[in-house]
Amino acid sequence: MPTSTIHSGLFIGLMSGTSLDGVDGVIAAFPSAPAQHPVATLASAYMPFSASLRAELMALQTAGQNEIEREALIANILSSHYAACVERLLADAGLRPDQIRAIGVHGQTIRHRPELGFTRQANNPALLAELTGIDVIADFRSRDIAAGGQGAPLVPAFHQAVFANSAQTRVVVNIGGIANISVLHSHATPGQSRRDVVGFDTGPGNVLMDLWIKRHHGKDYDENGMWAASGQPAPALLDAMREEEYFAAAPPKSTGRDLFHEAWLAHHLSRLPQQLTPSDVQATLAVLTATTIADAIALHAPAAQTVYVCGGGAYNPYLMQQLAHALQQRHLTAAVQSTEALGIAPNHVEAVAFAWLALRFDQRLPGNLPLVTGARDLRILGALYPA
């Protein structure tokens, strides 16, 4: 795709999510006018986190000794990691730093407590700007929370801009550590418009499955859902976990490891009358993710024609199968596909979204959707760290 005349600038997006597996990076070009393909990915890179970095990020999810200093040090390590990803992206695309308008970087969420008025992402954007020589835009969630919102999810605004279709109601499901949905109404939906986007965190995505396989097999994730597929879902455990109040709460809402963590799972397991095999627990956790997503779609988008899945969960055939089955159980006819069908690979969507949020900041345009986050109004999101 030629990039000299039709785009609004090149932006890098960097995303490291709740799964704590590594950072995804992209160089994205956004058209300055509507086009059939609204975004082009010029380069992509993935930089896995080391075991020690993952362990320290996991430890920072809860209060601990000397955590302020530990977070500051880990933010410096993360920024060096982000800078290495940027260097790889530029090399792969054959570009110089001065050809990039800005970097949009999410940082690594270690606490998310919008009910207390704060969110915290480990990050040192000043250091990243120093290391790369590129403007950095970061801290996207705080302004929305300051305006009374949840600060999350932020991707529905991007989903609306890139994936909405005037003739079809679509649902975009992001299954990272936490799962979230965006309901993109068609113009033809009675009483709705494409401005009426519904989006929220549905609950756990991969987070519980990842911690369970880590405990029993030392693996970071269940590749292709093979371990889950070897077990049998346990209805008693599934029913108990689905009683969690979060699932029945009305949006706007967002969640994370502050709620869905190892102790939460251990509590539910301890209440069972008999012990389950580890593979049966894994199968049940996959079904929990699928059913809570399907419940949200049934309630908020029963007429959706297609469900597009992104995030790491899109690469889990067992989970995708369970999602399709859960939708069928609720008499929903939506087809389930990955966002590859819409032109963006599932593992690139969130990184492209933060490149888009950087674009919105650069153009001094709002990046949130108040109906999604609960903020009082539209807000420009992010803070600039000039190179």
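In this predicted model, Thr-306 stands opposite Ala-335, a residue of strand S12. The strands concerned are S11, which covers residues 306–310, and S12, and these two pair in the parallel sense over 4 bridges. Strands of a sheet pair through backbone hydrogen bonds, and they do so in either a parallel or an antiparallel manner. The pairing of S11 with S12 belongs to an open sheet of 5 strands, whose order is S10-S9-S8-S11-S12 and whose pairing is mixed. At the edges of this sheet lie strand S10 (198–204) and S12, each of which pairs on one side only. From one strand to the next, the twist averages 20°.

A helix accompanies this sheet. Helix H5, made up of residues 155–163, packs on the sheet and touches strand S8 (170–175), strand S9 (178–184) and S10. The direction of H5 makes about 45° with that of S9.

From the edge strand S12 the chain can be followed to His-348, which lies in the loop between S12 (335–338) and helix H13 (349–362). Is His-348 buried or exposed? Its relative accessibility is 17%, and because the limit for a buried residue is under 20%, His-348 counts as buried. When neighbours within four places in sequence are left aside, His-348 is in contact with Val-26 and Ser-44.

A second pairing is found in strand S5 (residues 108–113) and strand S6 (residues 118–122), which run antiparallel and are joined by 5 bridges. Across this pair, His-112 stands opposite Thr-119 in S6, while Arg-113 stands opposite Phe-118, likewise in S6. The hairpin formed by S5 and S6 has 4 residues between the strands, and in this hairpin Gly-117 takes a positive phi near 85°.

Beyond S6 comes the loop that leads to helix H3, and Asn-124 has its place there. With a relative accessibility of 23%, Asn-124 counts as partly exposed. Not counting residues up to four places away in sequence, Asn-124 touches Ala-75, Asn-76 and Ser-79. The C-alpha atoms of Asn-124 and Arg-364 are separated by 23 Å, and these two residues are 240 residues apart along the chain.

Helix H3 itself spans residues 125–132, and within H3 the residues Pro-125, Leu-128, Ala-129 and Thr-132 are buried. Viewed down the axis of H3, these buried residues fall within an arc of 100°, and they therefore line one face of the helix. The general background is that an α-helix has 3.6 residues a turn, so residues three or four places apart point the same way. After H3 comes Gly-133, whose phi is positive and near 70°.

The remaining feature to consider is a packing of two helices. Helix H6 (residues 207–217) and helix H10 (residues 262–270) pack at an angle of about 80°, and their axes are 10 Å apart. Since angles of 65 to 115 degrees count as roughly perpendicular, H6 is roughly perpendicular to H10. Which residues of H6 meet H10? On the H6 side they are Leu-208, Leu-211, Trp-212 and Arg-215, which meet Glu-262, Trp-264, Leu-265 and Leu-269 in H10. By character, the residues of the contact of H6 with H10 divide into 6 nonpolar and 2 charged, with no polar ones.

Definitions and conventions. Residues numbered from 1 in each chain as written. Predicted model: local features only at pLDDT ≥ 70, side-chain atom pairs only at ≥ 80, totals over all residues. Heavy atoms only, no water. Buried < 20%, exposed > 50% of the residue type's maximum accessible area, 1.4 Å probe, protein only. Contact = heavy atoms within 4.5 Å. Arc of directions from axis to C-beta. Pairing = 2+ DSSP bridges. Axes fitted to C-alpha atoms, helices over the stretch in contact; angles between N-to-C directions. Parallel < 35°, antiparallel > 145°, perpendicular 65-115°, else oblique. Nonpolar A, V, L, I, M, F, W, Y, C, P; charged D, E, K, R; others polar.
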